[in-house]
Amino acid sequence: MKKMAIAAAAGLLGSLALAGTAGAAHDTNPSAKVARYTYDLGAVQPSDVPGTRADGVTRIVALPNGKVQVKVDAWGLAPGLPHAMHLHGVPGPATDDACPGPDAAGADGVVTVLDGAPFYGGIVTSLTTTGDTSPASALALDRFPVADEDGRISYSRTFRDDAGHLDAGTVQVVVHGADFDGNGAYAFDPDDAFASRSSSLGASIPLEATVPVLCGGIAN
């Protein structure tokens, strides 16, 4: 059931891809033609949503050879679990509203994937550890970084900028996944007020697997 839920989420997140506030720094080295974007990752969820008090920082380096290096360091995440991460954006002029905050939560008190999408736009790149980085890998949890026993991830990957994500008007890094009930899995728990809920992407998908936890972005 859990694997089926993850597979269903992957398909729905891919469809979504087609359809806060963070501090930022931008450093361009003209001689090397390297542009560096460094910015903080801020918490997305209201303070009463358990397991979502994370923090982090990310860096994007546009290399002169047509490649891009993305680094993400985050802590306070669900230990021992994979965390889907993506670059989100809107091609062309900066028409999105950057990162959602707690005020974006719906009547259920949680900022869901669909609550956040109007702010940061669709998925441009999936920050997987190996293989495909397209929106089709949006929830390929077997290829996203796994938080260590302290809830920390340290991610770095260099890939070709075929998606043109640095040409987007605004780019955000979004980190997903929260273990609301602390049972060490993304699964339904009928006895927990939050872990009993479904993702906004489908009734068979645990909210824990897809809920956005961290977000940070810059305007190019």
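Is Thr58 buried or exposed, and at what relative accessibility? In this predicted model, Thr58 has a relative accessibility of 2%, and because buried residues are those under 20%, Thr58 counts as buried.

**Confidence of the model**

The protein chain has a mean pLDDT of 80, with 75% of its residues at 70 or more. Over residues 1–32, the pLDDT is below 50, although this stretch has 60 contacts in the model beyond near neighbours in sequence. Where pLDDT is low, the predicted coordinates should not be read in detail.

**Thr58 and the pairing of β3 with β4**

Thr58 belongs to strand β3. Its side chain reaches the backbone oxygen of Lys71 at a distance of 2.6 Å. When neighbours within four places in sequence are left aside, the residues in contact with Thr58 are Tyr37, Thr38, Tyr39, Leu41, Val70, Lys71, Val72 and Val173.

Strand β3 covers residues 55–62 and strand β4 covers residues 67–75; the two pair in the antiparallel sense over eight bridges. Within this pairing, Asp55 has Trp75 in β4 as its bridge partner, while Val57 stands opposite Asp73. Four residues lie between the strands of this hairpin, where Gly66 takes a positive phi near 80°.

On its other pairing, β4 is joined to β7 by eight bridges, and these strands also run antiparallel. Asp73 takes part here as well, standing opposite Ser154 in β7. The two faces of β4 are distinct: Val68, Val70, Val72 and Ala74 make up the covered face, whereas Lys67, Gln69, Lys71, Asp73 and Trp75 make up the uncovered one.**Nonpolar cores**

In soluble globular proteins, nonpolar side chains tend to be buried together. The largest nonpolar core of this model holds 32 residues, of which Val70, Leu77 and Leu127 touch the most other members. At least two residues of this core come from each of β2 (34–43), β3, β4, β5 (85–91), β7 (153–160), β8 (168–176) and β11 (212–219). A further core of eight residues lies apart from it, and includes Ala84, Leu139, Leu141 and Tyr186.

Which residues surround Leu127, once neighbours within four places in sequence are left aside? Leu127 is in contact with Val70 and Val72, with Met85, His86 and Leu87, with Phe144 and Pro145, and with Tyr155, Phe159 and Val173.

**Val175 and Thr38**

Val175 lies in strand β8. With a relative accessibility of 0%, Val175 counts as buried. Beyond neighbours within four places in sequence, the contacts of Val175 are Leu41, Leu77, His83, Ala84, Met85, Val211, Pro212, Val213 and Leu214.

Thr38 is found in strand β2. Its relative accessible area of 29% makes Thr38 partly exposed. Thr38 is also one of the residues in contact with Thr58.

For Val175 and for Thr38, a C-alpha separation to a residue elsewhere in the chain is given below.

| Pair | Separation in sequence | C-alpha to C-alpha distance |
|---|---|---|
| Val175 and His86 | 89 residues | 6.8 Å |
| Thr38 and Ile60 | 22 residues | 6.4 Å |

**The disulfide**

How many disulfides does the model contain? The count comes to one disulfide. A disulfide is a covalent bond between the sulfur atoms of two cysteines. Here the bond is formed by Cys99 and Cys215, with their sulfur atoms 2.0 Å apart. The torsion about the S-S bond of Cys99 and Cys215 is about -75°, and the disulfide is therefore left-handed. The pair connects distant parts of the chain, 116 residues apart: Cys99 sits in the loop between β5 and α2 (113–120), and Cys215 in strand β11. Both Cys99 and Cys215 are buried. Strand β11 is also one of the strands that supply at least two residues of the largest nonpolar core.

**The hairpin of β9 and β10**

Strand β9 (residues 198–199) and strand β10 (residues 202–206) run antiparallel and are joined by two bridges. The bridge partner of Ser199 in β10 is Gly202. The two strands form a hairpin, with two residues between them.

Technical notes:
Residues numbered from 1 in each chain as written. Heavy atoms only, no water. Pairing = 2+ DSSP bridges. pLDDT = per-residue confidence, 0-100. Contact = heavy atoms within 4.5 Å. Core = buried A, V, L, I, M, F, W, Y, C linked by side-chain atoms within 4.5 Å. Buried < 20%, exposed > 50% of the residue type's maximum accessible area, 1.4 Å probe, protein only. Disulfide = S-S within 2.5 Å. Polar contact = N/O pair within 3.5 Å; in protein donor to acceptor, adjacent residues only side chain to side chain.
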